[in-house]
Amino acid sequence: MAAPSARGRFGDYGGRFVPESLVAACAEVEAAFRDAWADPAFRRQLDQLRAEYVGRPTALTPAWNLSAELGITLLLKREDLAHTGSHKINNVLGQALLARRMGRTRLIAETGAGQHGVATATAAALFGLSCTVFMGERDLERQALNVFRMRMLGAEVIPVTSGSRTLKDATSEAMRHWVGVTDTAYYCIGSVMGPHPYPWMVREFQRVIGDEARSQCARVLAAAVPTHVIACVGGGSNAAGSFAGFADTSAELIGVEAAGGAAMGDGRDGVLHGYRSRVLQDEDGQIREAHSIAAGLDYPGIGPEHAHLGDIGRARYVSVTDEEVIPALTRLARTEGILCALESAHAVAWVLRAAGTPELPAASTVLLTLSGRGDKDMPALMQHHEQQGERSS
Ligand SMILES: Cc1ncc(COP(=O)(O)O)c(C=O)c1O
């Protein structure tokens, strides 16, 4: 996938729609990223952290049992095995190194499912930076384990009580806070969203998923390249990283959104959080609240590069409902012994639905990125099972 234009555009999308006071801050991040990304010493440092701290390369696990049941070959890229339990650490270590290079002493972040907050708190601890994480009050309740993890790592977690009290509101609050502290703090955005250069920079930091998977697939598949590359999409960072490794191949790229947060499926062109993309809106153009059982997919926008890939037909975006997600998570757990995150279970659910249909014909070879592990979701699943038990008794 190509770099954006000089103005940070992917086709019609992207850009830098921020208040005057943040234009200079974004330009500074862009200059620092361009400089760092061209510096072999920075790349070496990041590669070393990936190997020694994150545990990369993460495994590529053939899901033999499910493959036999579905009549396809299903390969799982195991970002759930990365340190802190999701792909978010890939991006955060890159940005934290950049923050340190820029002389910043504090990281600011927003989080939904809490995985980006945990990753940011982790990197801050490692690099001796202080850390403030904004999180919607609703997500604080459903992701209490991750809130405690962040606090254990020394981060300050600030509850956001406005709007839907989820990721959208946490992001707005983090941006508002950044305006006043750009000299000392670095805003560590958690997905391929936000003003230029964030969508591009985060994709480059997540590209490691797709690059590793490409060479791993070449070792296990006769055709070297899978027929389909599939990942769940909130803002779209694990999907962008996965797609980046296969953009120049024949693989069909498929992003799976939550039906209640399907910015590609139901959104219209608009501006949100400093970038232009596909956004859920009402008739008056106001941002419509998203909903998903998975806190990390509960976001009304999507990264601008995805909107562009969708427009030019290079990637396809589908959606699954909340009701399909828990059965998919359970089936993966019981056939393969892998408890994935609710977010990742969206991608699994689509594969279960589509396998054997013209959308995903028999004998397809599928690379599916498991973006995270399910530990954070166990309390929610326990609650769900209790409610189900009550309903059936
Ligand atoms: C495990 C997991 N997967 C996926 C996502 C969605 O983010 P993205 O679309 O940027 O990969 C999140 C976000 O919090 C997450 O925690």
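This section describes the surroundings of the ligand and the state of two cysteines in a predicted model.

The ligand occupies the space that forms the largest cavity of the structure. Its shell comprises 18 residues, and the closest among these are Ser-191, Gly-234, Gly-236, Ser-237 and Ser-371. By residue class, the shell around the ligand contains 11 polar, five nonpolar and two charged residues.

Polar contacts to oxygen atoms of the ligand involve both side-chain and backbone atoms of the protein. From the side chains, a polar atom of His-87 is placed 2.9 Å from an oxygen atom of the ligand. From the backbone, a polar atom of Gly-236 lies 2.7 Å from a ligand oxygen, and a backbone N or O atom of Gly-235 is found at 3.3 Å from an oxygen atom of the ligand. The ligand taken alone exposes 390 Å², of which the protein buries 97%.

With respect to cysteine pairing, a search of the whole structure returned zero disulfides. Cys-232 takes part in no disulfide, and the nearest cysteine sulfur, belonging to Cys-340, is 8.9 Å away. Conversely, the closest cysteine sulfur to that of Cys-340 is the one in Cys-232; because the two sulfur atoms are 8.9 Å apart, the distance is too great for a bond, the cut-off for a disulfide being within 2.5 Å. Cys-232 has a relative accessibility of 2% and therefore counts as buried. Cys-340, with a relative accessibility of 0%, likewise counts as buried. For both assignments the applicable limit is a relative accessible area under 20%.

Key: Residues are numbered from 1 along each chain as its sequence is written. This is a predicted model: local features need pLDDT of at least 70, side-chain atom pairs count only at pLDDT 80 or more; totals for chains, interfaces and linings use all residues. Side-chain values use heavy atoms; hydrogens and water are left out. A residue is near a molecule or strand if one of its heavy atoms lies within 4 Å of it. A polar contact is a pair of N or O atoms within 3.5 Å; within protein, one must be able to donate a hydrogen and the other to accept it, and residues adjacent in sequence count only if both atoms are side-chain atoms. Accessible areas come from the Shrake-Rupley method with a 1.4 Å probe; for residues, only the protein chains shown count as cover. On a 1 Å grid over the protein atoms alone, a cavity is a set of points where a 1.4 Å probe fits but cannot get out, and a pocket is an open set with protein on both sides within 12 Å along at least five of seven lines; lining residues have an atom within 4 Å of a point. A molecule sits in a cavity or pocket if more than half of its atoms lie within 2 Å of its grid points. Ala, Val, Leu, Ile, Met, Phe, Trp, Tyr, Cys and Pro count as nonpolar, Asp, Glu, Lys and Arg as charged, and the others, Gly among them, as polar. Buried means under 20% relative accessible area, exposed over 50%, partly exposed in between (1.4 Å probe, protein chains only).
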